[in-house]
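Okay, thanks for coming, everyone. I'll put the structure up and then walk you through a few spots in it.

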Amino acid sequence: MLDLVKGETERIDSRFLEPACGDGNFLVPILRRKLAAVELKYGKSDFERRHYALLGLMCVYGIELLPDNIVDCRANLLEIFADYLNVEPSDDFYRAAVCVLSLNLIHGDALTMRTWDDQPITFAEWGYLGKGKFQRRDFCFHDLTLSSTFSAEGSLFANVGKHEIFTPTKTYPPMTISEL
(Lines give C-alpha, C1' and ligand atoms only; values in the text may rest on other atoms or scores of the structure.)
Protein backbone atom coordinates (compact mmCIF):
# COMPACT_ATOMS: atom_id res chain seq x y z
CA MET A 1 0.00 0.00 0.00
CA LEU A 2 2.83 2.40 0.77
CA ASP A 3 4.25 1.89 -2.70
CA LEU A 4 1.09 3.51 -4.07
CA VAL A 5 2.36 6.77 -2.56
CA LYS A 6 6.05 5.91 -2.81
CA GLY A 7 7.15 9.41 -3.79
CA GLU A 8 5.43 10.94 -0.80
CA THR A 9 6.81 8.37 1.65
CA GLU A 10 10.29 9.29 0.49
CA ARG A 11 9.78 13.04 0.92
CA ILE A 12 11.16 14.10 4.28
CA ASP A 13 8.57 16.82 4.84
CA SER A 14 5.44 15.04 3.57
CA ARG A 15 2.93 14.50 6.35
CA PHE A 16 1.20 11.21 7.07
CA LEU A 17 -1.71 10.60 9.43
CA GLU A 18 -2.75 7.06 10.33
CA PRO A 19 -6.17 7.41 12.04
CA ALA A 20 -5.99 3.90 13.52
CA CYS A 21 -2.23 3.55 13.93
CA GLY A 22 -2.14 0.55 16.27
CA ASP A 23 1.48 -0.15 17.15
CA GLY A 24 2.76 1.54 13.99
CA ASN A 25 2.51 -1.05 11.20
CA PHE A 26 2.25 1.73 8.58
CA LEU A 27 4.06 4.51 10.41
CA VAL A 28 7.21 2.44 11.04
CA PRO A 29 7.97 1.81 7.34
CA ILE A 30 7.06 5.42 6.51
CA LEU A 31 9.61 6.65 9.04
CA ARG A 32 12.21 4.22 7.68
CA ARG A 33 11.67 5.56 4.16
CA LYS A 34 11.95 9.15 5.37
CA LEU A 35 15.19 8.37 7.21
CA ALA A 36 16.58 6.67 4.10
CA ALA A 37 15.81 9.89 2.19
CA VAL A 38 17.56 11.90 4.91
CA GLU A 39 20.62 9.68 4.59
CA LEU A 40 20.73 10.10 0.80
CA LYS A 41 20.34 13.86 0.89
CA TYR A 42 22.07 14.90 4.14
CA GLY A 43 24.27 11.94 5.08
CA LYS A 44 27.49 13.90 4.68
CA SER A 45 26.56 16.60 7.22
CA ASP A 46 25.87 15.31 10.72
CA PHE A 47 24.17 18.59 11.70
CA GLU A 48 21.75 18.50 8.75
CA ARG A 49 21.26 14.74 8.98
CA ARG A 50 20.18 14.97 12.62
CA HIS A 51 17.85 17.93 12.10
CA TYR A 52 16.21 16.53 8.98
CA ALA A 53 15.80 13.14 10.67
CA LEU A 54 13.83 14.90 13.39
CA LEU A 55 11.78 16.71 10.73
CA GLY A 56 10.97 13.33 9.16
CA LEU A 57 9.72 12.12 12.55
CA MET A 58 7.78 15.36 13.02
CA CYS A 59 5.80 14.64 9.85
CA VAL A 60 4.41 11.31 11.08
CA TYR A 61 1.06 11.41 12.91
CA GLY A 62 -1.26 8.82 14.39
CA ILE A 63 -4.41 8.36 16.42
CA GLU A 64 -5.08 5.17 18.37
CA LEU A 65 -7.98 4.16 20.60
CA LEU A 66 -6.19 1.49 22.66
CA PRO A 67 -3.74 2.79 25.29
CA ASP A 68 -1.27 -0.09 25.02
CA ASN A 69 -1.07 0.31 21.24
CA ILE A 70 -0.28 4.02 21.35
CA VAL A 71 2.47 3.37 23.90
CA ASP A 72 3.90 0.65 21.64
CA CYS A 73 3.66 2.88 18.55
CA ARG A 74 5.57 5.69 20.26
CA ALA A 75 8.21 3.23 21.46
CA ASN A 76 8.59 1.63 18.02
CA LEU A 77 9.09 4.96 16.25
CA LEU A 78 11.42 6.24 18.96
CA GLU A 79 13.56 3.12 18.70
CA ILE A 80 13.95 3.52 14.93
CA PHE A 81 14.79 7.21 15.28
CA ALA A 82 17.25 6.65 18.15
CA ASP A 83 18.96 3.77 16.32
CA TYR A 84 19.30 5.86 13.16
CA LEU A 85 20.94 8.76 15.00
CA ASN A 86 22.67 6.51 17.55
CA VAL A 87 21.33 8.61 20.45
CA GLU A 88 20.63 7.70 24.06
CA PRO A 89 17.83 8.97 26.37
CA SER A 90 20.16 11.68 27.73
CA ASP A 91 20.68 13.22 24.26
CA ASP A 92 18.71 16.35 23.30
CA PHE A 93 17.57 14.75 20.03
CA TYR A 94 16.19 11.74 21.90
CA ARG A 95 14.30 14.00 24.32
CA ALA A 96 13.02 16.13 21.43
CA ALA A 97 11.78 12.97 19.70
CA VAL A 98 9.93 11.90 22.87
CA CYS A 99 8.25 15.33 22.97
CA VAL A 100 7.30 15.18 19.29
CA LEU A 101 5.89 11.66 19.57
CA SER A 102 3.82 12.62 22.61
CA LEU A 103 2.22 15.39 20.52
CA ASN A 104 1.99 13.60 17.15
CA LEU A 105 0.70 10.20 18.31
CA ILE A 106 -2.62 10.77 20.01
CA HIS A 107 -4.46 8.41 22.33
CA GLY A 108 -7.98 9.05 21.12
CA ASP A 109 -10.78 8.25 18.68
CA ALA A 110 -10.42 9.49 15.10
CA LEU A 111 -14.15 9.11 14.48
CA THR A 112 -15.25 11.34 17.35
CA MET A 113 -12.12 13.51 16.97
CA ARG A 114 -11.66 13.43 20.74
CA THR A 115 -8.79 12.32 22.97
CA TRP A 116 -9.16 9.57 25.55
CA ASP A 117 -10.07 12.25 28.13
CA ASP A 118 -12.71 13.80 25.82
CA GLN A 119 -10.69 16.79 24.62
CA PRO A 120 -10.65 17.86 20.96
CA ILE A 121 -7.73 16.27 19.12
CA THR A 122 -5.07 18.85 18.30
CA PHE A 123 -2.03 18.24 16.15
CA ALA A 124 1.24 20.12 16.08
CA GLU A 125 2.39 21.08 12.61
CA TRP A 126 6.18 21.21 12.56
CA GLY A 127 8.41 23.00 10.12
CA TYR A 128 12.17 23.20 9.86
CA LEU A 129 13.32 26.79 9.41
CA GLY A 130 16.99 25.86 8.94
CA LYS A 131 20.02 26.54 11.13
CA GLY A 132 18.67 24.24 13.85
CA LYS A 133 15.35 26.06 14.36
CA PHE A 134 11.89 24.47 14.25
CA GLN A 135 8.46 26.11 14.11
CA ARG A 136 5.37 24.63 15.76
CA ARG A 137 1.76 25.55 15.04
CA ASP A 138 -1.17 23.68 16.57
CA PHE A 139 -4.34 22.88 14.63
CA CYS A 140 -7.61 21.30 15.72
CA PHE A 141 -8.15 17.97 13.92
CA HIS A 142 -11.82 18.79 13.33
CA ASP A 143 -10.91 21.97 11.45
CA LEU A 144 -8.33 20.15 9.33
CA THR A 145 -10.87 17.53 8.23
CA LEU A 146 -13.04 20.26 6.75
CA SER A 147 -10.48 20.79 3.98
CA SER A 148 -12.45 18.79 1.42
CA THR A 149 -15.59 20.86 1.96
CA PHE A 150 -13.66 24.06 1.26
CA SER A 151 -12.06 22.76 -1.92
CA ALA A 152 -15.14 21.12 -3.45
CA GLU A 153 -15.91 22.47 -6.90
CA GLY A 154 -18.76 24.92 -6.84
CA SER A 155 -18.49 25.59 -3.12
CA LEU A 156 -18.34 29.10 -1.74
CA PHE A 157 -14.70 28.55 -0.74
CA ALA A 158 -13.46 26.75 -3.88
CA ASN A 159 -11.20 29.64 -4.89
CA VAL A 160 -9.90 30.41 -1.42
CA GLY A 161 -6.43 29.19 -0.49
CA LYS A 162 -6.04 26.90 2.51
CA HIS A 163 -3.82 29.47 4.17
CA GLU A 164 -6.85 31.76 4.22
CA ILE A 165 -9.15 29.19 5.85
CA PHE A 166 -7.11 27.35 8.43
CA THR A 167 -5.68 29.29 11.29
CA PRO A 168 -3.67 27.63 14.03
CA THR A 169 -5.06 27.48 17.54
CA LYS A 170 -1.57 28.41 18.73
CA THR A 171 1.72 29.43 17.14
CA TYR A 172 4.99 29.03 19.01
CA PRO A 173 8.19 31.01 18.53
CA PRO A 174 11.01 29.21 16.66
CA MET A 175 12.69 26.60 18.87
CA THR A 176 15.99 24.77 18.95
CA ILE A 177 16.31 21.09 19.80
CA SER A 178 17.04 21.80 23.44
CA GLU A 179 14.00 24.09 23.67
CA LEU A 180 11.67 21.41 22.35
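Let's begin on the surface, with a nonpolar patch formed by M1, L4, V5 and F26. Taken together, these residues have about 460 Å² of accessible area. Keep in mind that this is a predicted model. Where does F26 sit? You'll find F26 in the loop between β1, residues 16-18, and α2, residues 27-42. And F26 is partly exposed, since its relative accessible area is 33%, which falls between the 20% limit for buried and the 50% limit for exposed.

While we're by β1, have a look at E18, which belongs to that strand. Buried or exposed? E18 is buried, because its relative accessible area of 19% is under the 20% limit. Now find V60, 42 residues away from E18 along the chain. The C-alpha atoms of E18 and V60 are separated by 8.4 Å.

Okay, salt bridges. How many does the structure hold? There are 11 of them, and I'll pick out a few.

One is between the side chains of R11 and E8, at 2.6 Å from N to O. Both ends are partly exposed: R11 has 37% relative accessibility, and E8 has 36%. This pair isn't on its own, either, as E8, R11 and D13 are linked in a network of salt bridges.

Next, go to helix α3, residues 46-58, where you'll find both D46 and R49. Their side chains meet in a salt bridge, with 3.6 Å from N to O. The two residues are three apart, about one turn of the helix. Their surroundings don't match, though: D46 is partly exposed at 42% relative accessibility, whereas R49 counts as buried at 14%.

The last salt bridge I want to show you joins E125 and R137, at 2.7 Å from N to O. Here E125 comes from strand β5, residues 122-130, and R137 from strand β6, residues 133-140, so the pair ties together parts that are 12 residues apart in sequence. E125 is partly exposed with a relative accessible area of 24%, and R137 is partly exposed too, at 29%.

Now stay with those two strands and look at the loop between β5 and β6, which is where K131 lies. K131 has a positive phi, near 55 degrees, and K131 isn't a glycine. Why point that out? Because most residues other than glycine have a negative phi. K131 also counts as exposed, with 79% relative accessibility.

Which other residue has a positive phi although it is not a glycine? Try D118, where phi is about 65 degrees. D118 is in the loop between β4, residues 114-115, and β5. This residue is partly exposed, with a relative accessible area of 48%.

Let's finish with a pair of helices. Find α4, residues 67-85, and α5, residues 92-104. Their axes come within 10 Å. At what angle do they cross? It's roughly 155 degrees. Angles over 145 degrees count as roughly antiparallel, so that's what we call α4 and α5. As for handedness, α4 passes α5 in a right-handed crossing.

That's my tour. Feel free to spin the model around and find these spots yourselves.

Definitions and conventions
Residues are numbered from 1 along each chain as its sequence is written. This is a predicted model: local features need pLDDT of at least 70, side-chain atom pairs count only at pLDDT 80 or more; totals for chains, interfaces and linings use all residues. Side-chain values use heavy atoms; hydrogens and water are left out. Patches are made of residues with over 30% relative accessible area and no salt bridge: like charges are joined within 9 Å, nonpolar side chains (Val, Leu, Ile, Met, Phe, Trp, Tyr) within 5 Å. Accessible areas come from the Shrake-Rupley method with a 1.4 Å probe; for residues, only the protein chains shown count as cover. A salt bridge is a side-chain nitrogen of Lys or Arg within 4 Å of a carboxyl oxygen of Asp or Glu. Helices (H or I, at least four residues) and strands (E, at least two) are DSSP runs, numbered from the N terminus. Buried means under 20% relative accessible area, exposed over 50%, partly exposed in between (1.4 Å probe, protein chains only). Axes are lines fitted to C-alpha atoms, for helices over the stretch in contact, and angles run from 0 to 180 degrees between N-to-C directions. Angles under 35 degrees count as roughly parallel, over 145 as roughly antiparallel, 65 to 115 as roughly perpendicular and the rest as oblique. A crossing is left-handed if the near helix is turned anticlockwise from the far one by less than a right angle, and right-handed if clockwise.
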